[in-house]
Amino acid sequence: MYIINCKTNDEVIFLIYFDEKRLVFHLQGNRFSYQMKIVDGVLMHMYWGSRLPSCDGDCLFTLAGEAASFDLPFNRRPREVPTQEKGYFGRRALDIVNAQGDDVLSLRYESHTIYFGKKALAGLPSSYTETEEEAQTLEITLAQTGLTVKLYFSIFGGVMTRRTV
């Protein structure tokens, strides 16, 4: 298990976990948990709510509503970055059309990095920390041929921020 933690008033608070066996990201604040899981290369959203103990979160994975007989359960699970992917008909977070006019986008997990600090947003107002030790960031790279999308999840001061580039 890959763990990054920070120290506050001599108390260690674990903020970002990555379970390499189960491919689960678990981000924790003092009062919240946020979980994602890599399933067949797709980053799936699992949980956002009250703080949970460290678990794989599969018990939290529920399928949305009823579906047609031809609809696969995988297509009804919430994606972290929903796109117009083959067989997925939910709301899109990204709407990209390539030069051929194709809007099917199949972003797949490529890599991730966990580090102390929070990157500033160039030219935009944003939250910040005075020192790198005050925040931790999970940077996830999703990719498809010719396209890379980066997700940044930062935890500091009891809150989590997220941005997509």
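This passage looks at the confidence of a predicted model and at three of its residues, Glu139, Leu23 and Asp40.

Confidence is a helpful place to begin. The protein has a mean pLDDT of 78, and 72% of its residues reach 70 or more. Among its elements, strand E6, which spans residues 108-116, has the highest mean pLDDT, at 95. The lowest mean, 50, belongs to strand E1, formed by residues 2-8.

Glu139 sits in strand E7, which runs over residues 135-144. Its relative accessibility is 10%, and because this falls under the 20% cut-off, Glu139 counts as buried. The side chain of Glu139 makes a polar contact of 3.2 Å with the side chain of Tyr115. Leaving aside residues up to four places away in sequence, Glu139 touches Ser111, His112, Thr113, Tyr115, Lys119, Lys150, Leu151 and Tyr152.

The backbone also offers two points worth a look. Most residues other than glycine have a negative phi. Leu23, although not a glycine, has a positive phi of about 60°. This leucine, Leu23, is placed in the loop that links strand E2 (11-19) with strand E3 (24-28). With a relative accessible area of 31%, Leu23 is partly exposed, because that value lies between the 20% and 50% cut-offs.

Asp40 is likewise a residue other than glycine with a positive phi, here near 50°. The loop between strand E4 (32-39) and strand E5 (42-50) holds Asp40. Its relative accessibility is 68%, which is over 50%, so Asp40 counts as exposed.

Conventions
Residues numbered from 1 in each chain as written. Predicted model: local features only at pLDDT ≥ 70, side-chain atom pairs only at ≥ 80, totals over all residues. Heavy atoms only, no water. pLDDT = per-residue confidence, 0-100. Helix = DSSP H or I, 4+ residues; strand = E, 2+ residues; numbered from the N terminus. Buried < 20%, exposed > 50% of the residue type's maximum accessible area, 1.4 Å probe, protein only. Polar contact = N/O pair within 3.5 Å; in protein donor to acceptor, adjacent residues only side chain to side chain. Contact = heavy atoms within 4.5 Å.
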